[in-house]
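Reader: Hi, could you walk me through this structure at a first-year pace? I would like to ask about a few parts of it in turn.
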Amino acid sequence: MSNDITVAFGDGIGPEIMDATLFILKEAKARLNIETIDIGSSYYSKGVSTGIPPHVWKTLKHSKVLLKAPITTPQGGGYKSINVTLRKTLGLYANVRPVSSFHPFVHSLHPMMDLVIVRENEEDLYAGIEYRHTNDAFHSHKVITKSGCEKIIRYAFDYAIQNGRRKVTCMSKDNIMKMADGAFHKLFNEVGKEYPDIKQDHYIIDIGAARVASRPESFDVIVTLNLYGDIISDIAAEVSGSVGLAGSSNVGDDFAMFEAIHGSAPDIAGQGIANPSGLLSGAVMMLVHLGQHDVASVIRNAWLKTIEDGMHTGDIYNASTSKQKVGTMNFAKSVVEHLGQKPYKFKIADYAPLPDDVKKPSEYIDLITCEKSLIGVDIFFSWLDGDYDKLGERLNDLAGDDARLAVISMKGLKIWPDPEIEHFQSDCFRARFMVDSKDGFLGRDYPAKLYQRLIDAEIDVVQMINLYDFCGELGFTKSQGE
Ligand code: NAD
């Protein structure tokens, strides 16, 4: 494996914690050829919409390994997240976030906590596909693929085996998102059958997140979708002692990126007080990835000894367990002074190459394809008049010979025919047109013809979605009350 790596200093506390991390790597004699890149704000102003110019992609293509400090993403508008662009473009499908507590040296309510979150990294609401349909309504698309789910689930099971872990817990919200989260849960059960030696269970994400906060010691490996994984890893790191402690690897078939799990912490940037441990932990994972297990172990042991010796940054400082409150660079200097030493209480780190017989998670079940038949169309439209009976009659007249209006709903709740309660809440409605005969299907030109009739009738259509039957299984959910 080459020793070439690319380094991005990031925003906010990024440059401070990266300086500290690179200082430790250098003093520990990590064998690295470093090329530094600049991404983000300086390029947006030059019209590079991704914030990543072409020469940076070239550098990344060459090194295949990126050590990245956190980057600021504007909230509620502005440019897209560079972090998400990097993860998706480089195919980094697995985000691995180990979190443990460092009791009794770092205060935590959970002294026995030692878990790993394996977060799906390319799909879900992070696809960032969002629309404003009407004056009132915004829709975000949650994108889930069977192949993406299977990839991350297999990765989690293989990770458990390779790292001597005994249990994999799946977290999803398939009581509500029965199709997307349901596919994830079903694949977990299916793929799990191939790993009989690993214990397996499932939590609905809300109680799962609560249990991560209240009983984290009951978890070993957790595999979950992108958004849930992001949230529970911050919860896990925070209850372990500080969000500043945890690092992560973003792994794909060809590239890997290593970082802290926390963000750019603009509230403390420039003060020299940030904890560099999360990024350092990511850098240790990077050394293991590069095959420099010796240096990784030396750095991790020096870091553990520094924590045991009570040299603590402000976020983990506690008068009863800390000896000295130190800033970012003095913490790094303390780690360097401890190089070659081993912790006396914590388990000594001794990273080793993976045994050859452990297969890499690169072979996946073929997707079983089946013929899909068009059996209906959903139309989203803007509407302000509250007379739903009249609306129903009007739309039904436009359904055409082969189909009928089955239901009108708002925010997924049926409002026609026979609503339970009549109330007007929004201006965005969905009309579902279904094929009229039981086993029939619609022609491919039905949606276009329906669209034209709706436009001619001055219905303000904002989106149209085809409804399919997949070998007897409906490819859409019903409205509440339908
Ligand atoms: P944050 O993680 O930056 O900060 C949350 C809190 O934790 C703050 O009080 C901060 O001071 C503290 N904190 C974080 N890291 C610390 C450290 N190393 N040492 C001490 N204290 C630390 O979360 P945020 O404020 O929600 O996000 C700030 C920015 O970071 C946003 O623009 C967000 O999009 C971005 N972000 C980037 C990444 C990434 O680059 N991978 C990840 C998460 C958030």
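Author: We can talk about the ligand, then some helices, and then a few details of the backbone.

Author: Before we start, please keep in mind that this is a predicted model.

Reader: Okay, how many residues surround the ligand, and which are the closest?

Author: The ligand is surrounded by 22 residues, and the closest of them are T73, G263, A265, D267 and N275. Sorted by class, this shell consists of 9 nonpolar, 8 polar and 5 charged residues.

Reader: Which side chain has an N or O atom 3.1 Å from an oxygen atom of the ligand?

Author: That side chain belongs to N83. An oxygen atom of the ligand also lies 2.9 Å from a polar atom of I71, and in this case the atom is part of the backbone. For H262, the partner on the ligand is a nitrogen atom, which is 3.2 Å from an N or O atom in the H262 side chain.

Reader: And how much of the ligand's accessible area does the protein cover?

Author: On its own the ligand has 820 Å² of accessible area, and the protein covers 70% of that.

Reader: Switching to helices, what do people usually give to describe two packed ones?

Author: The description uses the angle between the two axes and the distance between them.

Reader: So what is the angle for helix 1 and helix 11?

Author: Helix 1, residues 14-27, and helix 11, residues 328-337, cross at roughly 15 degrees, and their axes come within 9 Å. Since angles under 35 degrees count as roughly parallel, helix 1 is described as roughly parallel to helix 11. Their crossing is right-handed.

Reader: What about helix 1 and helix 9, at what angle do they pack?

Author: Helix 9 covers residues 277-289, and it packs with helix 1 at an angle of about 40 degrees, the axes being 9 Å apart. These two helices are therefore oblique to each other, and the crossing of helix 1 and helix 9 is right-handed.

Reader: New topic: where are P104 and P417 found?

Author: P104 sits in the loop between strand 4 (94-100) and strand 5 (114-120), and the peptide bond leading to it from H103 is cis, with omega near 0 degrees. P417 lies in the loop between strand 17 (413-416) and strand 18 (428-435), and a cis peptide bond with omega of about -5 degrees joins W416 to P417.

Reader: Why point those out?

Author: They are pointed out because most peptide bonds are trans. In the same way, most residues other than glycine have a negative phi.

Reader: What is the phi of D124, then?

Author: D124 has a positive phi of about 75 degrees, although it is not a glycine, and it is found in strand 6, residues 124-132.

Key. Residues numbered from 1 in each chain as written. Predicted model: local features only at pLDDT ≥ 70, side-chain atom pairs only at ≥ 80, totals over all residues. Heavy atoms only, no water. Near = heavy atom within 4 Å. Polar contact = N/O pair within 3.5 Å; in protein donor to acceptor, adjacent residues only side chain to side chain. Areas by Shrake-Rupley, 256 points an atom, 1.4 Å probe, with all protein chains shown as cover. Nonpolar A, V, L, I, M, F, W, Y, C, P; charged D, E, K, R; others polar. Axes fitted to C-alpha atoms, helices over the stretch in contact; angles between N-to-C directions. Helix = DSSP H or I, 4+ residues; strand = E, 2+ residues; numbered from the N terminus. Parallel < 35°, antiparallel > 145°, perpendicular 65-115°, else oblique. Left-handed = near helix turned anticlockwise from the far one by under 90°.
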